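Open the model in your viewer and keep the selection tool at hand. The stops below say what to select next and what is there.

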Amino acid sequence: MSVTSLLENYSEFRHFHPVDDVPHNPYKWAMSIDLDACSGCNACSVACYAENNLPVVGREGFAHGQAMHWMRIERYWDEDGREFPDQGAQFLPMMCQQCEAAPCETVCPVGATNHTPDGINSQIYNRCIGSRYCSANCPYKVRYFNWYDYPTTDNVWPAEMNQQLNPDVTVRGKGVMEKCTFCIQRVTVAKNNAKNEGRLIHDGDVQTACQQACPTSAISFGNLVDPESKVYKQWKAQQVELDKDAQIKDKEEGGSELRGYRIFEELRPYPSVMYLERVRESAV
Amino acid sequence: MNDIREDIAWAKINKDVLKSLENPRKLFWVILLIAIAAVGVAVGCEVYQYTVGLGVANFSNPHVWGLYIATFIFWIGMSHSGTLLSAILHLMHADWRKPIYRFAEAMTTFSLMTAGLFVAVHLGRVWQIYYALPYPNGRQVWPNFQSPLLWDAMAIFTYLSSSILFLYVGMIPDLAICRDNMNPGWRRKLYTVLALGWEGTDRQWRNFRVTYLTIACFLIPLAVSVHSIVASDFAMSQQPGWHITSFPPYFVAGALYSGCAAIITLFIILRYVFKFEEYMTLPILKKIVRLTFAIAMVWTYLNLIEYAAVWYGHDQASKDVLIQKMVGPYAPFWWTMNICGSVVPFIMFFKRFQTHIPVLFAVSLLLNLGMWLERWMIVAPTFSHGYYPWTWDHDQWPSLVQWGIVFGSFGWFTLLFMVFCKVFPSVSMYEVKEMVYHRSQATKKLEATGKLAASGKGAH
Amino acid sequence: MNSGSIKQLKKPLAIRLGEQTVLAKSLVMAEHPFDRRDFLKVLGWGGAAVALSGCGNGSVEDGKETVVSYVETNDYMIPSISVYFNSTCTQCDAGCSITGRIREGRVLKLEGNPDSTINRGKTCGLGQAGVQHHYNPDRVREPLLRTGDSGEAITWEKAYALIAEKMKDVSGEEIAFLSGGVSGHLKVLLGNYLDSFRSKNHFVYEAIAPAVMRAANKKSYGVEMPRFNISKAKVVLSFGADFLGAWVSPVHFSQQYAQFRKGDEDGQRGVLVQIESKMTLTGANADRWLVVRPGTEGILALGIINALGAAGLRLSGDVAGAVKGYDKARVSKDTGVSAEQIDKIVALLKARTPSLVLAGSAAEGYAHGSQNAAAINLLNQVLGNVGKTVEAAEVVPFPQMAPTTGNTAALKKLNDGLAAGKYKVLFSYAANPVFTAPGAMKFKDNLAKAGFKVVFAHYLDETALQADLVLPLDSALEDWGTQVPEYLATCAQINIQQPLMEKLHANTDGKGTRGMGDILLTLLKQRRAEEYKGFADYYAYLRGALLKNKVALGGHKVDDDTFWNETLSKGIIKLEGHVSALSSRSGTAGLSLPSPAAIDAQYPLQLIPSVNASLRDGRHTNQPWLQESPDPLTTIVWDSWVEIHPRKAAELGIEEGDIVEVTGKNGSVKVQAYLFPGIHPDAISIPLGRGHEALGRYAKGYGVNPFQILDAVFDKETGELALHETRVKVSKTGSRVIVVKDEGPVGGRQMGKKIAARLPSDKVKLSEEI
Ligand SMILES: Nc1nc2c(c(=O)[nH]1)N[C@H]1C(S)=C(S)[C@@H](COP(=O)(O)OP(=O)(O)OC[C@H]3O[C@@H](n4cnc5c(=O)[nH]c(N)nc54)[C@H](O)[C@@H]3O)O[C@H]1N2
Ligand SMILES: Nc1nc2c(c(=O)[nH]1)N[C@H]1C(S)=C(S)[C@@H](COP(=O)(O)OP(=O)(O)OC[C@H]3O[C@@H](n4cnc5c(=O)[nH]c(N)nc54)[C@H](O)[C@@H]3O)O[C@H]1N2
Ligand code: SF4
Ligand code: SF4
Ligand code: SF4
Ligand code: SF4
Ligand code: SF4
């Protein structure tokens, strides 16, 4: 251990940033979610439970705000005071936005939450001491803390139920923070497979669990630096740029006709999830 | 009226102070037992929380912090009392600090020791707390030097060690007095060791003065930085209600404020318990009270400019948090804190209350209630009303486990303080002697020039 | 080996999921053909699975299982490498095909099979929870025989012997077999078993099936379940069809919906108008959600036809006659939908074609439900949608395997029979009538009158608790089967259900679970030993049956083994189905809609029991993911609630969390109130599926069961239960709770922030999007 290595590692750590001169290479994982397709059905959320060993906290736990849904579906109503919601509701799947300049990362005292070179906000359970500062600083409040030791809590994973646990994903003990990982275990497998074949991941080689389940295919996931990928094309078509805190198109007079936007972009977390606005028919 | 009588015999000073080290009265034991019981409650709560998980404290996502952090800040703030009285006033040659700085320094040390516990109690995996240390390890894994929490840990640790050193060094001449006046026994042995062979030679005094002054100089920026850094935990984050530029001075002012208020409380108690009326005199009390009032006004000013900055700024989210503090579920606490912090101190504005012991005792407790609430009102409302409305969480209420540990921390502090007062002289004998000496010198000077009679002062 | 064990390798299917591509290659590539005998050598995959998983199903030390070396593992069993096998989701009867991820002998995750035209690789949340059905800790693990008030574990041999004894002297008339919807070979065996007694008493009962719509469709279109082309429609006018939630084939419709929204063909986004009294998930996604007075859906449909006629659409004589009285003023008054709104819909329907009109359960659930459905179907005909967006579906050319469609009329018949004490032996499979029968039927009391009650069960549910003999079933992920979905998407298909892992509750000591097919086969052998002696188990039967029809099933060019392995590998047999023509008769005959009922002074509110996409009729409530999956509209978890419109609530002085008593003629429930804007003020809604008194630890004691307070009102034409015809009153009990939900204290408001944003359709250019 030397101070030199500290400094070297540290400057490298600071490198993975959209504003930096070093681009993501060869991967930058990103998503786009079409709110006009999303029906709010919750399938993605359940799929995430199944894939990522999320504990069920039960009625009491939920009542205390201790639910662990990495993917939560929010339901909004119009706020114009009409007696009936005659334009339906608005659903929003919300999970970790994998911020490029993640507010959660800088504050973690032990560096348990980090930026990976391929643009994912990683969470190292082993390293986490449970200070919850990251959650305090996340603008989207998508971090979930293990308030109890769920693996040994009654009826979370009782005998047999525990056989379903995904061996590729750590089962978290008490006192650590967790959140959506962009299904990093799937990404890793796909990366290794591609590497074995001496190539890069093709678009579609890897799907996140939520994306795979989603009955309306509202979720797209892929490599934002691969011009062949769907997310690249979508972001491009929507003129949403990763390293901007305000998109040029939004400065157009009368607003843009493009649906792509990122939530709380102006706070400069540079989120990796682009949403496509829901459309409401103007004729009715 | 003078700060101290100029004709107190030095032997009397020794005798009076050493008397406080004698076997305590029954009441002492009763209070001590209560304090131990309170610590017991906290230990019980912590053991329960440790085994079952932090869920028992009733935190939620996203309301992940609560009383632990608030009380942590409170105790850190409290620690500023000693530094203020000892170091700052020492450098300013304020003689009146002399009878009271010792216990204030003890307060500093003990409140830091209490605050430190909250860091541990608050962690989800306290058993991994050492990850926050930059210890050598084969994997070259370092803590994250970007995190204010890490600065915090380092600042507190430095502050605590310096404070202990300061307290100890300042006590050496007194420990020698204790050594020389004690019958053989454990106390004598203890003081012999701790006095480090103090003989009171010129050389020793010279070295002592330099050392003490150096530590005092070192401690002042440390004290300012430690609470600025605690403020950075919030100010450096991005959350509405937290990322406020004025937080560091605001926190330091708040710290001095609560420290002063606590000094008044303990001043009154010690004066009564140890019959220290001769040393802890009303004129001194008056000076502390005035100082406290001045700091209260600084704090109030900083508080108001914070509100104004939020109100007239264009950050709607911060404004929403402020509004929610005023009218939301936290409103009773927020208003109480403002009243205790900014209105109650005006009692101290009136001369007749500046030495009115029962009133001051009540006021000092109210001030600290206000300051404790202030910390809670900094921490909690941002969680229940942050950027993301879907996760707003207005019903969050700390569980009995949180309250138990907070309650126990007061027991822990009391316990440490009481033991200290019975083992170490809580009034600095040598400095009081100095003070008496300075006083008599001054009187002599006045008498010599005949100004005393003319000024009409000193006719007592 | 025990019956039902896996005898064959099912080749993994290559889907795009990283790790298994390697494996799929090694298996599929000719140079490394898989040797089936290898597999049999290790005594079936089951033994291997146990040895590998080491999860307490018997251990190597016991000497009861076979050790398999990791050094010499077979291709399909490489530690840490997942394999993927196809099967069929049985969480509901939509018939989605699934791919199970299996590692070290355990099934871990279910994904949709991309080859299925029904679900195209997708699943719903309920489907995802299939693994929790399989691994559920509250499954029944051994046959249980009632002795007095308690159950005694017995062996299968004893259970079979007992059934044989009980069946000895009963006539076909005295047997009743209650089941949920069944299809495929199970249906064949079940039929044969009843045949062996010359019994016709097969009662097929699904508590929330679209039975009235089927009948109405049969009348209007000539088929019960046509194909609905949502994706081709430019306007969908849905009368309470929750096709994104729980209606018919939600995953399939969800995909169509996404295409419909994108306007896949011409970039013109489809418009969804949902008409109902209580907002469903589909309603929440509508461009226009119209609240109607409960039960007046048909009137509105006729009103729209009338208005279309007025707007220049040519109506045939009988149609014009049928809608004559339904002028806008009257319709608007009856339904509560403004004339202006009707005009807008008419304009929309005229401007954009083709459209599609759907009659959902909300419209069906009345005493005049058939009339409502007929009126709605008529709208489709008038708009010329029949043949365009309503098409004839392909039909599987094996009528004996076609799904039996369940309904409550059958339950009523069974209930009457039970009340009359007609049945000496009653079997119940895949139904939980003690929980789902309307309280007014007194089903539980009547059930007690049956002589000997055999319940085939996964859990000790409310019905199983009433049984004399409970026979524990394999989970869907460890059993064999074939299934024909009722709603077929683009082609006719037979779905294959195959075990994804070895049985969790092994058949040691004559205990453990068994497959329904195996049980039926055993029972049949008691009757017709000669006929069935060739089939060692249900697996053999299935294989034999499918191979016999190999040619018809598309396997004319390959040998039996190849055909079989390929079939299992694909998990779906796609067929040339035959298409029956849709009839174009307009169904005006006998169309008469009652005026909206006057408000009952004593019971002023209409109770709408709502169907949640995750919990449906409550059979899956013991799957904790589903309990903790928030209801999409209210975000409530782990409990029931009653939805009340804020205006009504204000009238009654009710606030969120108040425990209210909902009282009808047939009892009452106490439930927390949730103020919900998406409901007609004269209606309240309680979700179905919760309120179990049994079933298991995750279900028992959570919420209330609205089935219990339903009135026994039936649709006049079909005799189906009119689910929405219960009238109730609501009173405060004085206690209040904090509603456990995901939504925060500000409800669904964004507080001026841009979180879930939206644009009007004239401001977007979907055709330019990716
Ligand atoms: N029953 C049984 N006993 C065996 C063997 C066997 O096959 N079966 N094999 C023998 C052999 S060959 C070996 S090498 C030993 C291995 O014995 P161990 O070294 O004890 O091996 P593990 O149990 O694999 O890992 C130890 C722990 O390390 C934790 N861990 C994983 N990653 C990290 C990390 O990054 N940091 C830290 N701090 N912890 C981490 C794991 O969660 C686990 O709790 O066991 C020997 N004993
Ligand atoms: N997922 C996962 N993988 C791991 C590890 C892990 O923790 N997790 N641990 C890693 C570690 S630390 C190790 S050491 C390796 C161990 O990996 P392996 O060396 O593959 O370990 P074993 O499973 O013990 O396999 C040894 C084989 O030798 C056979 N054998 C036993 N006795 C004899 C003998 O006398 N002669 C011969 N010829 N054969 C014999 C056994 O039947 C068995 O088949 O696994 C590594 N792989
Ligand atoms: S969304 Fe929150 S948790 Fe995720 S990277 Fe951003 S700040 Fe961190
Ligand atoms: S909870 Fe864990 S990840 Fe989050 S800041 Fe604390 S140590 Fe870091
Ligand atoms: S990407 Fe993976 S981890 Fe994230 S929400 Fe989707 S399923 Fe969960
Ligand atoms: S699965 Fe798809 S449609 Fe359903 S809530 Fe999730 S994103 Fe929306
Ligand atoms: S709709 Fe859902 S539950 Fe039904 S078969 Fe398909 S995946 Fe399974």
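Select the shell around ligand 5: by class it has 10 nonpolar, three polar and no charged residues. Here Ala, Val, Leu, Ile, Met, Phe, Trp, Tyr, Cys and Pro count as nonpolar, Asp, Glu, Lys and Arg as charged, and the others, Gly among them, as polar. The shell holds 13 residues, and the closest are A:Cys48, A:Asn52, A:Cys180, A:Cys183 and A:Cys210; a residue belongs to a shell if one of its heavy atoms lies within 4 Å of the molecule. Two elements of chain A, helix H2 (43-52) and helix H7 (209-213), give two or more residues to the shell around ligand 5. Helices are DSSP runs of H or I with at least four residues and strands are runs of E with at least two, numbered from the N terminus.

The model is predicted, so local features need pLDDT of at least 70 and side-chain atom pairs count only at pLDDT 80 or more, while totals for chains, interfaces and linings use all residues. Residues are numbered from 1 along each chain as its sequence is written, chains are lettered from A and ligands numbered from 1 in the order in which they are written, and side-chain values use heavy atoms, with hydrogens and water left out.

Next, select ligand 6. Of the 13 residues around ligand 6, the nearest are A:Cys38, A:Cys41, A:Cys44, A:Cys214 and A:Thr216. The classes in this shell are nine nonpolar, four polar and no charged residues.

Now turn to the salt bridges, of which the structure holds 70 over all chains. A salt bridge is a side-chain nitrogen of Lys or Arg within 4 Å of a carboxyl oxygen of Asp or Glu.

Select C:Arg288 and A:Asp86, whose side chains form a salt bridge at 3.5 Å, N to O. This pair crosses between chains: C:Arg288 is in strand E11 (residues 288-291) of chain C, and A:Asp86 is in the loop between strand E2 (72-76) and strand E3 (90-94) of chain A. Is C:Arg288 buried or exposed? C:Arg288 is buried, with a relative accessible area of 10%, and A:Asp86 counts as buried at 19%. Buried means under 20% relative accessible area, exposed over 50%, and partly exposed in between (1.4 Å probe, protein chains only). Extend the selection to the salt-bridge network that links A:Asp78, A:Asp80, A:Arg82, A:Asp86, A:Arg280, C:Arg288 and C:Arg758.

Select C:Lys765 and A:Glu257 for a salt bridge at 2.7 Å, N to O. The pair joins two chains, because C:Lys765 lies in the segment after strand E28 (758-760) of chain C and A:Glu257 in the loop between helix H8 (230-237) and strand E9 (260-261) of chain A. C:Lys765 is partly exposed at 41% relative accessibility, and A:Glu257 is partly exposed at 33%.

Show chain C alone. Chain C has 25 helices and 28 strands, and buried residues make up 64% of its 770 residues. Among its contacts (heavy atoms within 4.5 Å) between residues at least 6 apart in sequence, 75% join residues at least 24 apart.

Finish on chain B, with B:Leu27, B:Val30, B:Ile31 and B:Ile34, which make a nonpolar surface patch of about 360 Å². Patches are made of residues with over 30% relative accessible area and no salt bridge, with like charges joined within 9 Å and nonpolar side chains (Val, Leu, Ile, Met, Phe, Trp, Tyr) within 5 Å. Accessible areas come from the Shrake-Rupley method with a 1.4 Å probe; for residues, only the protein chains shown count as cover. B:Ile31 lies in helix H2 (residues 26-52) of chain B and counts as partly exposed at 35% relative accessibility.
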